[in-house]
Amino acid sequence: MADITVRKIRFSFEEPIDFEVSDERLGAILGPLALSMTMPYLEPYLIRTMKAALKRISDPVLAEDARRFSQQEGHHYRNHALLNDQIRRQFADAGAEALRAIESDLETDYQRFTRTKSLRFNVAYAEGFEAMTCAGALAAAEHGSFDGGTLPGGEIWGWHMAEEIEHRTVAFNVYRHLVGSYPYRILAGTWAQWHYVSYIRRFARCMADALGRTPVTPRSPVQRAALRNYLRTWSPRYDPGKIELPAGVQELLDRYSSMAA
Ligand SMILES: [Fe+2]
Ligand SMILES: [Fe+2]
């Protein structure tokens, strides 16, 4: 069984987000804020997918992992929804409205996937998303840029990234258990990543337009490491169960365990 602890934590987001920053800094913060905007739609979709998968999972250990995965994702998106309220508040009506319109499109997509797509597709989407975010979280951990203190929203980032690493095996193992096909994992997983990233771009562009700014995103060592980790997920031998916890992640998880209700 994967070692997954469900931590009920609620962060508060009172500090206003400082958008009066350099174009480079703006480029560095809009991506994470865009990611936050997707979470109250993406993560409930993952939970619905796991709920459907649970009806077919015959391995009780994997079933327990899937339940804990869903509980972790549930706490993630509830915190992101609070951060997103704060993000929207900082834009004038038109900007907040534009963000709402993208949120509505994303929710419509995910509700449609749950309603009309096969479990095979939805499980592959979940694994495609999890593989990509785990690649990014591992890169951030390896480069010591896990410190949420540097991003608007603060500690939500360290907590969320550490738990994404903690539950990294679940979507992959559920996919392997119920579907198994390598070509389909790559095909549907890559489509899922394209679909998801296109929304990240829309949210980021929307915020930049509302601010009347043109953010700059220079390539950083973390981004290069994330790309390297991501390319490894394309290997037929890829198995997140073989990835060791990077240094410092266990300490973070322990810290959040002590903060949890
Ligand atoms: Fe999450
Ligand atoms: Fe996750």
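1. Donors are N, O and S atoms within 2.8 Å of the metal (3.2 Å for Na, K and Ca); water is not among the atoms, so sites may look incomplete. By this rule Glu-73 bridges two metals, the iron ion (ligand 2) and the iron ion (ligand 1), which lie 3.8 Å apart.

2. The model is predicted: local features need pLDDT of at least 70, side-chain atom pairs count only at pLDDT 80 or more, and totals for chains, interfaces and linings use all residues. Residues are numbered from 1 along each chain as its sequence is written, chains are lettered from A and ligands numbered from 1 in the order in which they are written, and side-chain values use heavy atoms, with hydrogens and water left out.

3. The iron ion (ligand 2) takes its protein donors from Glu-73 (OE), Glu-130 (OE, twice), Glu-164 (OE, twice) and His-167 (NE2), at 2.0 to 2.7 Å. The spacing of these donor residues in sequence is E-x56-E-x33-E-x2-H. Two of the donor residues can be placed by accessibility (buried means under 20% relative accessible area, exposed over 50%, partly exposed in between; 1.4 Å probe, protein chains only). Glu-164 is buried at 2%, and His-167 is buried at 0%.

4. The angles among the six donor atoms of the iron ion (ligand 2) run from 53 to 150°, and the site is irregular. Six donors count as octahedral if opposite donors are over 155 degrees apart and all others between 65 and 115; four count as square planar by the same limits, or as tetrahedral if all angles lie between 85 and 135 degrees; anything else is irregular.

5. There are eleven salt bridges, each a side-chain nitrogen of Lys or Arg within 4 Å of a carboxyl oxygen of Asp or Glu. Helices (H or I, at least four residues) and strands (E, at least two) are DSSP runs, numbered from the N terminus. Arg-68 pairs with Glu-64, with 2.9 Å between the closest N and O atoms. The two are four residues apart in helix 2 (residues 60-89), so about one helical turn separates them. Arg-68 is partly exposed at 25%, as is Glu-64 at 24%.

6. Arg-88 and Glu-103 form a salt bridge, also with closest N and O atoms 2.9 Å apart. Arg-88 lies in helix 2 and Glu-103 in helix 3 (residues 93-116), so the pair ties together parts 15 residues apart in sequence. Both residues are buried.

7. Within helix 3, Arg-112 and Asp-109 are three residues apart, about one helical turn; their salt bridge spans 3.2 Å, N to O. Arg-112 is partly exposed at 35%, whereas Asp-109 is buried at 13%. Elsewhere, Arg-7, Glu-163 and Glu-166 are joined into one network by salt bridges that share partners.
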